[in-house]
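Student: I should like to take a close look at a single part of this structure, the largest cavity. Please describe it and then place it in its wider setting.

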2 protein chains.
Amino acid sequence: MSPLPGLMQHDHPLTIAGLVRRMATVTARSEVVDFRADGRTTRRSFAGVADRAARLGAHLGALGVREGDRVATLAWNSAQHLEAYLGIPAIGAVLHTVNLRLTPEHLTYVLNHGGARVLLVDRTLLGLLEAVADDLTELEHLVLLGEGPEPGAALERFRSEDLDAALADVAPLAAWPEVDDRAAAALCYTSGTTGNPKGVLYSHRSSVLHALAAGMVDTLAVGRGDRVLPIVPMFHANAWGLPYACALTGASLVFVGRDMSAATIAAAIAAERVTIAAGVPTIWMDLLRYAEQHEVDVSSLRCAPCGGAAVPRALMEGFERRLGAEIVQAWGMTETSPLGAVARVPEDVPEEERWARRLAQGTIAPLVEARLVDDAGVEQPWDGTSEGELQVRGPWIAAGYYRDPDASEEAIDDGWLRTGDVATIDDRGTLRLTDRAKDIIKSGGEWISSVALEGELLAHPEVLEAAVIAHPDERWTERPLACVVLAPRATAGPAELRAFLAERVARWWVPERFAFIEEVPKTSVGKFDKKVLRARLAEGALAVCVDGTGVAASASTGR
Amino acid sequence: MSPLPGLMQHDHPLTIAGLVRRMATVTARSEVVDFRADGRTTRRSFAGVADRAARLGAHLGALGVREGDRVATLAWNSAQHLEAYLGIPAIGAVLHTVNLRLTPEHLTYVLNHGGARVLLVDRTLLGLLEAVADDLTELEHLVLLGEGPEPGAALERFRSEDLDAALADVAPLAAWPEVDDRAAAALCYTSGTTGNPKGVLYSHRSSVLHALAAGMVDTLAVGRGDRVLPIVPMFHANAWGLPYACALTGASLVFVGRDMSAATIAAAIAAERVTIAAGVPTIWMDLLRYAEQHEVDVSSLRCAPCGGAAVPRALMEGFERRLGAEIVQAWGMTETSPLGAVARVPEDVPEEERWARRLAQGTIAPLVEARLVDDAGVEQPWDGTSEGELQVRGPWIAAGYYRDPDASEEAIDDGWLRTGDVATIDDRGTLRLTDRAKDIIKSGGEWISSVALEGELLAHPEVLEAAVIAHPDERWTERPLACVVLAPRATAGPAELRAFLAERVARWWVPERFAFIEEVPKTSVGKFDKKVLRARLAEGALAVCVDGTGVAASASTGR
């Protein structure tokens, strides 16, 4: 249908530039804090950040960045990273946030596939770049953030400069260009179960709508009176959209950079009177444990949105009892911006029903539509018991992957995103995940591809079959368990297989747990039947040997 | 800029149909209550309302209503009116809510200008229609709501039917049509200072965005745990967008129909545990007065958004002290959907500063951009003291009027809506109205055109000059004061002039107050200089005679 003749409603675009203009005016007095436990905390007003974003926009233009060009970041959470979040999309370029935990192969892949010629990079992370420098086909220019070493010889062929020096030298853009709000604003790759990472493009419209939703009382309830600490990294699903939500609402932002220790988080909350802090369950378990052993004042904290893995009731209860703050569970994924469901329950709901609802993944978020589809493609009712694969659609839900038609085809079912989660939904729209349709392991909020691990294990000369499933883990929620069929007379054990894998996958993917079995169970059509393995594990019928204090240690420092 | 090749973000339309789908699923268990003080309260689930909206859509399709066609309503607030709010736009037609307080001339004008062939009308309001039936050029079909008399002889030429009977006879639409979210969803006329009412068209996109914003913590904070009583009529700026906000968030809705007495409002709040009630200051003054004389339990109420006129501190304080609920001031107009600014102040702001900010019109709402422009067209700084005409733009701000190019031209300044209010804004984005650029009087939340009143006064043979200005009024905030220059030897007094006007304008426009003066002061170019009159009034230098208990009485029953 065409609009009515004479329709005169403002078709005002929803853009990141609009958010920056708001930071320069209505929310000008809010602040961005780079908290440092050593006392070197720095702070800047929203107006100041907006000014620096306008300088960054001008500078990128001078570097030849045009609308639609990707500009990448490889950085921890910081005010400088926030300036990139604003200035890059506001000139119509595309912010590509690179996950600093990728393997060298995947880091190379996403930088080349994303195609940015300019990268803003923390000096402390230059080592990651140096390791892959020779394979980068698109990158030309480095803008250096924070303190640390200057680029080494391996990065000699790139031009490089300091961000602050560059911004000091340029006048801020007087006005942002007009940008179509359906154009791409940001790009974030997600590690799936197989193959290369897949790029999710967010439009200006989707980012602004998501920011509005994050300010709603039934979701993250971010408001002007809040001080928000996003512990979730800014290279991970846009830090759950919190930077843009704060820009819109005027909530102040607190960043702790690379130091995500419980001690620093507790200190930041105390010093900056943080009211909302967002992270994966592992972070909150650490903080709770820390609070049991130290004097902490987190009385300002009222809400800790928590996603990336199921949250145990004991953690929620302990958190409320000892820290006085409510953990609010949420469900989402990179493809869903990520707000898909939030388990915020109205206050007048009776205690036990509250818990039942809080322990679910939450109420389907506003503007998100959901359906459950069984294996035969039949839509299932919302009765709280019928299961199906969760499929979602909406203005901030991906409908495919950037330059990846095969993955897009596989991910989308008639306009709905296949989430890979099996779930029930009740007649209140409460989502409960019950199983996983795709074959993935979620460890500390990050995906581990079991299929990729199996492929690498099979590369070992003594491995005949390998099936990797999730093993419950107190700290990481899940860790991979490798079920391996060895060749006759094989001598390889856990230590050797771990060493073998360590050269081929990210350190924190390497399993600590192995089960040596005689055969991987198969389905009628000969596929690995992991359901049988999971059932055996649940029954205690798998002999699991553990070798991995080294990995656990590297996982905690590397994350 | 064209979107990046490969951009795969869902361009999911923001439509009223999406809200109805949400009512049928996620918010299905919320309810709509038609409260009646006599005990005949009825209630229906959101799922039931969504089902009836789908029946209404099917029925209108069978009547020949097509996308883009207007369908009008002339009705008090009710569940049936809500069904029209949903079912009409969801099929792509345009909901035209007709103000039942219009003069017969304006009623005729908006019905003909809007062009609806189908009108949903409360049986109790058929008399208004009968009075103008002969002049209606477009209307063909009446759908009758509620109880009351059947159409009389004057309405014989229209087909008519009962809504409930029609819905019982038709199957609900299985799916809503795909509608462009920039298409018109609703049409509401505003009475300006001169000439005919002007139509503001809301798009689907603007309505859904506005509903999202109403759920944000810093605006109306409508959430799933709320029970909302919109006292503001559904024919007035979409009842401040509350029906759509409730559909989206799952807040239950309570309607009191035509009985807006303090006794009924108090009873509805008590019986239905209302948490948010929205209305003009007059409503809250009445409720406060009522509460001083009667036993009322409004303990469930936590927030009373209040707009349409400045709210006195005494009212806010009395309301909080006696009723325990916070009046939150908001600013907006039909052209702004209406959320333009909301004076919700974070809790940690010190007491006296809180009051200063709560007594302002509020913080500029999310997605709304504002500027102050002085008489010379120069933009003014946001320093809390520099004044200028308030101009706004944004995705739910009108950029013109329906089929009215002249009025559109006058209202829009380079893409910004001229609000007619003179204001300051401070460095927190706090809006304070200081004067009125346009020549209008706001009485009980409704506009009265001083220019139109002057025109009618001049029609009286004994009136030489007439200038109408606003007079402060305890009950209505403002009432018109007619400053009249009579011809030599004239005999007309207030009573005669009032009788003369009563036949020409709406009853509640008729001034109670008159000042007989020797000459209307003029500006250098010979225009009426009302600033001088206002200054004289403020100084007590105008002799005001009052004649109007009759008008006050009719105003309170007619409103």
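Tutor: The answer begins with the cavity and then turns to the two chains, a strand and some backbone angles.

The model is predicted, so to speak with care, local features are given only at pLDDT of at least 70 and side-chain atom pairs only at pLDDT 80 or more, while totals for chains, interfaces and linings use all residues. Residues are numbered from 1 along each chain as its sequence is written, chains are lettered from A and ligands numbered from 1 in the order in which they are written, and side-chain values use heavy atoms, without hydrogens and water.

Rolling a probe the size of a water molecule over the atoms shows where empty space is left. A cavity is a set of points, on a 1 Å grid over the protein atoms alone, where a 1.4 Å probe fits but cannot get out; its lining residues have an atom within 4 Å of a point. Grid points are joined across faces, edges and corners, and the volume is the space filled by probe spheres set on the points. The structure holds eleven cavities of 30 Å³ or more, and the largest has a volume of about 440 Å³. Among the 34 residues that line the largest cavity, those closest to its centre are B:His236, B:Ala237, B:Trp240, B:Thr334 and B:Gly445.

Several elements of chain B each supply at least two lining residues: strand S8 (184–190), helix H8 (237–240), strand S13 (303–306), strand S14 (326–331) and strand S23 (446–449). Helices (H or I, at least four residues) and strands (E, at least two) are DSSP runs, numbered from the N terminus. S8(B) gives the most to this lining, with three residues. By type, the lining has 20 nonpolar, eleven polar and three charged residues; here Ala, Val, Leu, Ile, Met, Phe, Trp, Tyr, Cys and Pro count as nonpolar, Asp, Glu, Lys and Arg as charged, and the others, Gly among them, as polar.

In the loop that lies between S14 and strand S15 (341–342) of chain B is B:Pro338. A cis peptide bond joins B:Ser337 to B:Pro338, with omega about 10 degrees. In chain A, the bond from A:Ser337 to A:Pro338 is cis, with omega near 10 degrees. A:Ser337 has a positive phi of about 85 degrees although it is not a glycine, and at 4% relative accessibility it counts as buried (buried means under 20% relative accessible area, exposed over 50%, partly exposed in between, with a 1.4 Å probe and protein chains only).

The two chains are related as follows. A rotation of 180 degrees with 0.0 Å of shift along its axis superposes chain B on chain A, with RMSD 0.0 Å, by least squares on the C-alpha atoms of residues with pLDDT of at least 70 in both. That is the relation of a two-fold axis. In chain B, the C-alpha of B:Met216 is the nearest to the axis, 1.9 Å from it.

Finally, consider a strand of chain A. In strand S20 (residues 416–425), nine of the ten residues are buried. Strand S18 (residues 388–393) pairs with S20(A) in the antiparallel sense over four bridges, where two strands pair if DSSP finds at least two bridges between them. Within this pairing, A:Glu389 stands opposite A:Val422. Strand S19 (residues 412–413) runs antiparallel to S20(A) and is joined to it by two bridges, with A:Leu417 as the bridge partner of A:Ile412. S19(A) and S20(A) form a hairpin with two residues between them, and A:Asp414 in the turn has a positive phi of about 55 degrees.

Conventions:
1 Å grid on protein atoms, 1.4 Å probe; cavity = no way out; pocket = protein on both sides within 12 Å on 5 of 7 lines; lining within 4 Å.
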